[in-house]
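Reader: I am new to reading structures, and I would like to understand how the terms used for charged side chains are justified. Could you take me through the reasoning step by step?

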Amino acid sequence: VINLLNSLHFGITTIDIHDNVLYMNNYMCNLIGRQLSGILDQPLNNILGNNEIASFILHQETTVPARSAKYIETTFPDRFPGEIFQASFCNFTDKEGQLMGKMLLMKNITKEKLGEKTQQEFISHISHELLTPLTTIKSYSEMLINGEVDKGEMQKEFYNTINDETSRLTRLIQNLLNISRIESGSLSINKGIVRTK
């Protein structure tokens with residue numbers, strides 16, 4: 001069992017009811033830069049050196065479970081700068097509901113957070129790209145509806161602009177659909193000979 005726990009790619013720490021360390025797997029030991037032999041039976045807060053986790057555990061112990069946070073995000077800037085970790089906490093109880101011990105789990109979520117940031121930036125960018133032609137179409141349509149443009153040539157220019165912006169919107173939406181198809185693996189590519197100049 002110990003070998004299995006040490007092979008996991010996330011941190012596991014078990015502590016007793018007095019918050020002293022009973023076990024810590026290799027991932028967690030590496031995270032805090034300590035050896036297991038030197039931290040057994042030591043207070044967890046003294047070992048972690050992370051006030052956010054200490055406050056989180058205290059909150060879990062003093063708050064009604066239904067109202068307590070499931071996890072927190074924290075960092076270890078001295079050992080792993082720029083990386084983000086997720087800490088979660090749970091209690092072990094016996095059949096009578098008496099507390100027997102506790103467990104702290106730690107997972108590196110840096111890639112997930114970067115993915116979220118990239119997705120948010122993409123949504124912001126594509127929203128701007130969609131709003132630009134829509135704004136043009138709306139303003140030009142309102143001017144035509146209100147009769148503000150009475151010259152034939154000017155009206156034709158406005159209609160052409162609306163048509164061009166509609167085509168631009170269609171291309172943007174088509175590109176979004178293609179991205180969705182690529183992600184789902186359903187985009188088919190038609191290969192053929194192309195004449196180049």
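Author: In this predicted model, Glu142 and Lys138 both lie in helix H5, where they are 4 residues apart, about one turn of the helix.

Reader: What makes the contact between Glu142 and Lys138 a salt bridge?

Author: The closest N and O atoms of Glu142 and Lys138 are 3.0 Å apart, and a salt bridge requires a side-chain nitrogen of Lys or Arg within 4 Å of a carboxyl oxygen of Asp or Glu, so the pair qualifies.

Reader: Why is Lys138 called exposed, and what is Glu142 called?

Author: Lys138 has 52% relative accessibility, and exposed means over 50%, so the word applies to Lys138. Glu142, with a relative accessible area of 38%, is partly exposed because its value lies between the cut-offs of 20% and 50%.

Reader: How do you know that Arg168 and Glu129 form a salt bridge, and where in the chain do they lie?

Author: Their closest N and O atoms are 3.6 Å apart, which is within 4 Å, and therefore the definition is met. The pair links distant parts of the chain, since Arg168 belongs to helix H6 (residues 152–184) and Glu129 to helix H5 (residues 110–145), 39 residues apart.

Reader: Why is Glu129 called partly exposed?

Author: Glu129 has 21% relative accessibility, and buried means under 20%, so Glu129 falls in the partly exposed range.

Reader: What makes Glu112 and Lys107 a salt bridge?

Author: Their side chains meet at 3.9 Å, N to O, and because the limit is 4 Å, this pair counts too.

Key:
Residues are numbered from 1 along each chain as its sequence is written. This is a predicted model: local features need pLDDT of at least 70, side-chain atom pairs count only at pLDDT 80 or more; totals for chains, interfaces and linings use all residues. Side-chain values use heavy atoms; hydrogens and water are left out. Helices (H or I, at least four residues) and strands (E, at least two) are DSSP runs, numbered from the N terminus. Buried means under 20% relative accessible area, exposed over 50%, partly exposed in between (1.4 Å probe, protein chains only).
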